[in-house]
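Let's take a look at the aromatic rings in this one and at what sits around them. Have the viewer open as you read.

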Amino acid sequence: MPYISEDKRSLQPRTLLVDNYDSYTFNLLQLLVQQQQTGTHVYKQDSRVLTIRNDQYPWPVVRDQILPHIDNIVISPGPGTPGRAGDFGICDELIRYAAETRCPLLGVCLGHQGIARLYGAHIYQCAVPVHGQTTHVIHMDGSKEGSLFAGVPERFTVVRYHSLAVSTTGFPHDELQVLACATGTVATLGLAGQLEDVQTNEIMALRHKRYPIFGVQFHPESIASEYGAQILANFTNITREFLTKKASEMGIQKSVAQMSIVYANKPTGRPVASEKKSHYSLATATVDLPGFPVDNLGGRLQKFLYGNDPMPLWLDSAKSGDANSSQSVLASAASAHGATVRYNLQTKKVTVLRFSELSTQPTVLATETIGISFWEWMQQAVDCTRVIEAPTHGFRCGWIGYFAYEMKAEIIGTKQSAISNEGEKGLPDAQLSFVDRCVVIDHKHNPPKAHILAIVAKDSSPSGAESHGISRRWMDSLGFANKAGADQWIDQTVRSIEQWLESAITTERKDNNKKLIDGEMTVLLEPALSRANYIAAIDQAKKYIAQGESYEICLTNKFRIALPEQSRISCAHDASKLYTEMRASNPAPYGALLWYADLCAGIASCSPERFLRITVDSNGNRLAEMKPIKGTVRRPERLQYLSEEEWAVHDTQSAKALQESVKERAENLMIVDLIRHDLNAISGGCTSVPRLMAIESYQHVHQMVTTVEAQMNGTVGDVMALAQCFPPGSMTGAPKIRTVRLIEKLENHVQRNVYSGCLGYFSTNGQADWSVVIRTAVISGPDELCVGAGGALTILSNPDEEWAEVETKLCSVLPAIQHYVNAN
């Protein structure tokens, strides 16, 4: 390729990014957006990059309406094979178009294979598939300006996700030139079930000899790949030689840009800053909480304030000293000024209920069969209940509840499983309660503080619902009718807490001496998949991965537990006793107890994993954070060692082994790249990873955790941001859409229900915090619990070890259930 002309260095191309239903495509978008900002001008990403799916529009529409406004093309990775039309869509036509018009084109992974196949190369199934591993690549393209690898060392590190590759046998050297090959070793699972290193030398990059068409087998967009941004910048430089100044200045016309799938072009909820007025205000008071251990504070105050409440809602930061244990929310779904919304996915029916403090039988406020997704419906409800002047930190009243895993059907188009969960019929597919009053414990202060909060309706006019194009008269009755009523409740609560503080310290010292009741394990587990069937599912999942259908599959199993007659959970008091046992044996930063009295059902969760948090900074910017967990190992039992020092040595070794595990790091990396993709969709390509593959330790396990952050687009509402990222990637695998459909087959179409979904809140101040529902007991009726457990499967997975991981995760919940049964 020639050197870049001086008069063309500042030109910015318009890019068509084609998504092959991958879960990393928007990471390519991030690289494209970022490297385009390095020129003389700074452009909006939607004016320079248009993203479409490979089957979103017929080829004539793409050719005639989109491509005239495009200067180069990037074809994304994706599941499957380029020889299958359903996997590659219009991409063959795009490659032909690029050759005919000399439009620069870059194919990544599947796109790379498609280029090779179209020009006569053979695509074969690798003897050793590589997913999430870092390997070395050596390029032969030189480092001079104008080449794809300009400024890139001859040998560098990349991340690979592929089961198929371009064969060197019969390679069409008259048409294509090999630019780079893999070198060194990759890990594989040997016959003995142990990881072994094998040599690797697959083709990693190529180009057409006559046309500006390039392919790379590795993933330059991965967070762990080196020089990815440089390679995309080089591709832009190559494109500049084909550009005119007039084309560069035009941008993508608005009518064409609106054809993009990227959320930046499609308003999905009104931004917080756009709300000029609110129908509600917030009344507050604060009480200091000195004098007793922080890890018992939330439990004791919740028991005092809501111990007799028929429908407690408790979001519990129970892990003392954990940086994520920042606040606990104590509230109730039983309130004369609140409401509970329930959704049935199959009928698309929304029911709005109100529970009084004196009765567990609800009053029906409204029913509605909706013609939009429940996510959109709920976004409108959240928008209608904003309190603009509310403090920007933490929960300040609002919506508390959950979205079951099956709510994925409204996001990625999968159907509900044919086999229902008979034992979980009591819990709807989604349920959220508007909390008009609550107590929020701020654990970050020393001493901790209790914020007593209440919502006040400013007037009797509709709460903004009409301006959102909906009619919800029931919203008029949310919140206290006047500030005097709110202040009275707050003053009464403050006095109660102050009186409680006088005796709480003495009582706490006595309770600290209480021990859990031990006994034989007598609870019986009924798995949805037996051990043999689960291992068979693992084997089939690995076949899917080897065929290129997925990179990673998160397989789970559901275990039912029948409770003895004397241990039935028939009221909030019983549910609270169960959760108290769970938080004592396995405290977690995202614990929760939600109880729905009329259904005699609820959720007791000790989740260690944050799904999505949305905060608002002092400048009004909305920041999103996700913390996926992938990689779990059981901590050694203290009783097996003669001294605490000996145990500590072995415990440190187990954490170090997890940190260095090739398999576990690959699992984590695949989900991290998926999470970045999800967040890039709502941030326009502005994500960062401040903490990669860190080890966090809990009562029973060490876990590998990564933190991903993004600044959200102003047009994306909190609910729709959650929807864009749903279901949690750590519970699906990647690519998400294809993998979710494979999971349904592997799990025999048994619904996961609440397990694998998310639980948390949308606050009136525009903030949100949601956890992944794991390490959880779902109370599906008075005499039955359901506990889910599973793990991520890769090509390196050992079936016996994967089953052992299921048992490890069950042990985070089962001892507490046994203690509960023994104590009752």
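Are Phe 374 and Trp 377 buried or exposed? Both are buried. Keep in mind that this is a predicted model.

## A stacked pair across the sequence

There are 25 aromatic pairs in the structure. Take Tyr 343 and Phe 374: their ring centres are 4.6 Å apart and their planes meet at 10 degrees, so this pair counts as stacked, given that the cut-off for stacking is under 30 degrees.

Tyr 343 belongs to strand β15 (residues 339–344), while Phe 374 belongs to helix α11 (residues 374–384), so the pair ties together parts that are 31 residues apart in sequence. With a relative accessible area of 2%, Tyr 343 is buried. Phe 374 is buried too, at 0%.

## A second stack, inside the helix

Phe 374 also pairs with Trp 377, and that pair is stacked as well: 5.7 Å from centre to centre, with 15 degrees between the planes. Here both partners sit in helix α11, 3 residues apart, or about one turn of the helix.

## The wider cluster

Zoom out a bit and these rings turn up in a cluster linked by ring pairs. Its members are Tyr 343, Phe 374, Trp 375, Trp 377, Phe 403, Trp 474, Phe 611, Phe 726, Phe 762 and Trp 770.

## Arginines over rings

Now for some charges over ring faces. Which ring does Arg 638 lie over? That's Trp 647, with Arg 638 at 3.6 Å from the ring centre. Arg 752, in turn, lies over the face of Tyr 405, at 4.5 Å from the ring centre.

Technical notes:
Residues are numbered from 1 along each chain as its sequence is written. This is a predicted model: local features need pLDDT of at least 70, side-chain atom pairs count only at pLDDT 80 or more; totals for chains, interfaces and linings use all residues. Side-chain values use heavy atoms; hydrogens and water are left out. Rings of Phe, Tyr and Trp (its six-membered ring) pair if their centres lie within 6.5 Å; planes under 30 degrees apart count as stacked, over 60 as edge-to-face and the rest as tilted. Helices (H or I, at least four residues) and strands (E, at least two) are DSSP runs, numbered from the N terminus. Buried means under 20% relative accessible area, exposed over 50%, partly exposed in between (1.4 Å probe, protein chains only). A charge sits over a ring if NZ of Lys or CZ of Arg is within 6 Å of the ring centre and within 35 degrees of the ring normal.
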